[in-house]
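The following exercises concern strand pairing, burial and confidence. Each task is followed by a worked solution.

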Amino acid sequence: MPSGKRPNMTNLIIVESPTKAPTIKSYLGSSYKVVASKGHVRDLPKSTLGVDVENHFKPHYINIRGKGDLIRELKKEAQNADRVFLATDPDREGEAIAWHLVNTLGIPASKVRRVAFNEITKGAVKEAIKKPREIDMDLVNAQQARRLLDRIVGYKLSPFLWKNVRSGLSAGRVQSVATRIIVDRENEIRAFVPKEYWTVEADLTAPDGETFTVRYYGDEGGDRRDLNNESEAAAVVRDVTGKSFTAKEIRRYTKYKNPAPPFTTSTMQQEASRKLNFQSQRTMKVAQELYEGIHLGTENGGSQGLITYMRTDSLRISAEAQTAALAYIGEAYGSEYVPAAPRVYKTKSGAQDAHEAIRPAKVTLVPKAIRKYLSADQYKLYKLIWERFVASQMQNAELSVVSGTFTAAGRDFRASGYTVAFPGFMAVYEESRDEPDADGNAKIPALREGEKLASGDILPAQHFTEPPPRYTEASLIKFLEEKGIGRPSTYTPIITIIISRGYVARQGKSLAPTPLGEVTTGLMVQSFPNIVDEHFTAEMESSLDAVERGENTMEALLSDFYGDFAKSLDAAMDSVSKENVEIPVEETDIICEKCGAKMVVKNGRYGKFAACPNYPNCKNTKPLEAPAEPAKKIEIAPFKCELCGSDMVLRTGRYGSFYACSNYPTCKFTKPKTRPLGVKCPSCGGDLVTKYGRNHSVFYACSNYPTCQFSSWDQPTAETCPTCGGILYRKKSKNILVCKTEGCSFQKDCPPETETDAEM
């Protein structure tokens with residue numbers, strides 16, 4: 001491709017999301033125009049299969065309904081441009097969107113430039129523009145293969161479910177496997193038989209008077225022994241009661257603990273679920289916002305992406321990012337926190353490794369320093385990503401471990417614990433766990449081997465083994481990743497779809513199968529064992545990866561799959577009937593006033609409703625009352641009412657959010673919610689804030705109002721006029737900065753800004 005640039009050459013950059021456009025535009029000159037495709041512009045039709053299985057699986061794409069005006073506008077922009085840079089996301093889906101844009105807009109090959117960046121920062125964007133490439137058709141074909149495969153399974157299986165279960169149902173290739181995993185876990189829980197076991201704990205007192213607790217381990221000199229019933233536990237208690245214990249063995253050693261690696265998509269979703277209580281959909285939405293760009297004020301460089309691309313299964317970190325992290329750690333925490341050699345984490349086999357791990361784009365953008373520019377969710381997730389990355393590059397933690405074996409009457413008891421000798425990475429971050437640490441952390445006093453210890457209470461306790469827990473979003477994503485089912489971009493859609501289709505329901509943080517999900521899974525296992533087999537699905541993912549690497553073709557993959565699938569479908573259609581399938585009914589407490597029966601839950605075109613089970617003899621129906629919404633958490637302001645001294649609370653009105661006195665209606669004092677602008681007031685030196693007037697109009701005012709009544713419709717900036725030294729203002733609807741000092745007419749061009757005040 002030619003690299004030279006003639007004068008006045010016009011360049012068009014097409015991105016997926018409108019949110020990215022202003023950020024990228026701010027990094028480039030006036031010869032670049034940035035527009036958004038808003039995702040895909042064409043897809044398979046919804047009303048038909050859209051795949052010609054008899055003609056080499058040729059897809060039939062159509063323009064997405066409702067995008068006609070956008071396509072015409074993009075086509076016009078592409079025709080007027082000398083070069084068209086396709087800057088869609090750096091993954092299979094983004095590559096396919098770029099390919100669809102070329103075909104839909106009719107962009108000549110001589111104009112097309114494919115660019116991709118792992119992070120939306122000034123350096124990364126400019127570097128990508130300098131090094132365009134061609135569209136990678138292997139990536140495109142891998143995306144097409146997945147899309148066509150899922151379309152064939154969904155559109156061929158759905159009529160089977162309509163015929164034998166219920167109309168309106170749909171099946172999916174990976175979603176059916178995920179549902180089966182949850183159903184299988186539920187069956188494990190039902191089949192689980194609790195097993196009794198006992199523990200015996202003893203309170204011991206050291207010679208210096210310090211007390212601690214030890215637990216029965218086994219008979220002296222032998223291996224660990226379980227106590228299976230009360231009589232075995234009672235025998236241990238009887239033997240050691242009233243006896244002194246001897247410190248048989250005391251071990252002290254240093255244990256080194258490694259930090260967790262930086263986030264992949266899967267581990268980010270898991271940790272956000274554990275630490276922040278975010279559902280995966282919420283996590284990915286916020287991560288997308290952080291990646292696409294946040295306006296951080298002029299003092300921080302304006303709009304920029306805060307994290308690298310958030311759909312990745314790689315643990316790789318660029319040398320530049322690692323060097324910056326080590327420099328920051330040495331400056332912020334001290335040289336002893338910097339490891340002797342940079343840390344390198346091995347990406348698991350089978351990972352695509354197309355991008356880096358998820359990390360902050362600039363490690364020097366410390367979360368607390370930019371908190372005022374972020375929404376609550378953005379701050380929480382950015383802080384989690386930042387801390388995980390910084391910790392992953394830090395020195396090991398050193399733990400001083402002490403463990404002891406204590407014996408009495410031929411019975412051994414044990415205890416262990418640790419203290420932190422050097423925190424290392426733990427000074428920043430510790431990974432959470434699904435299960436609590438079973439080792440415990442007993443506080444053992446300084447003892448010598450052979451010392452005698454007095455015993456106090458000897459307490460036996462009965463326990464029962466517990467069934468495996470239901471999956472949560474975090475544990476299901478972890479299982480899917482371990483088994484190779486799905487890829488980083490698919491975890492969230494998988495969970496969203498099985499819940500929205502009624503196959504799985506949330507119960508607190510847990511995921512439980514519905515009766516519909518269990519019946520459908522049973523039918524799928526009977527008729528299509530391969531489709532709902534986790535190993536088969538994982539192998540299919542590997543086959544799609546082979547297409548991406550150019551080692552297999554899309555047609556060969558689809559052909560290999562379709563032959564056996566079509567045979568199974570024909571056999572199932574002939575052998576299964578609706579009479580063989582029974583969905584358990586969900587009873588309500590509503591009594592039918594016509595016949596006295598307990599009404600049951602039914603699904604209709606407008607959702608669930610209560611119906612008489614004696615239909616068609618009794619056709620009575622009733623609407624189901626929606627569950628009461630939980631009370632909203634009241635946000636209390638960090639300041640008091642200026643009239644009566646009561647708490648101020650956040651309220652929402654027709655013009656947005658505002659603070660009101662909690663003593664309303666006795667006290668009717670209110671104060672608008674504002675956002676700091678990061679600029680000082682030219683009148684009094686106070687902080688300028690963004691405010692909202694009628695019809696959501698935006699203006700800027702001093703936070704010291706009413707003492708200072710400075711306000712402006714144009715946005716004050718931190719830049720000063722080079723002519724007179726006054727403040728420069730950004731003119732509304734115009735990309736210019738102007739000086740408003742009397743007698744000064746200075747103005748200059750500037751890139752557009754975005755409004756990021758999403759919380760208001």
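**Exercise 1.** Identify the bridge partner of T246 in β16, then place the two strands in their wider arrangement.

Solution. The bridge partner of T246 in β16 is K452. This is a predicted model, in which local features need pLDDT of at least 70 and side-chain atom pairs count only at pLDDT 80 or more, whereas totals for chains, interfaces and linings use all residues. Residues are numbered from 1 along each chain as its sequence is written, and side-chain values use heavy atoms, with hydrogens and water left out.

Next, strand β11 (residues 245-257) and strand β16 (residues 452-464) run antiparallel and are joined by 2 bridges. Strands are DSSP runs (E, at least two residues) numbered from the N terminus, and two of them pair if DSSP finds at least two bridges between them.

Finally, 6 strands close into a barrel with antiparallel pairing, in the order β9-β10-β15-β14-β11-β16.

**Exercise 2.** Determine which residues of strand β33 are buried on each side, and find the partner strand.

Solution. On one side of β33 (residues 736-739), I736 and V738 are buried (under 20% relative accessible area, 1.4 Å probe, protein chains only). On the other side, L737 and C739 are buried, so that both faces are covered. In a regular strand the side chains alternate between the two faces of the sheet.

Strand β32 (residues 727-730) runs antiparallel to β33, with 3 bridges between them; in one of these, L728 has C739 as its partner.

**Exercise 3.** State the mean pLDDT of the protein chain.

Solution. The mean pLDDT (the predictor's confidence in each residue, from 0 to 100) is 87, and 91% of residues reach 70 or more.

Terms used
Helix = DSSP H or I, 4+ residues; strand = E, 2+ residues; numbered from the N terminus. Buried < 20%, exposed > 50% of the residue type's maximum accessible area, 1.4 Å probe, protein only.
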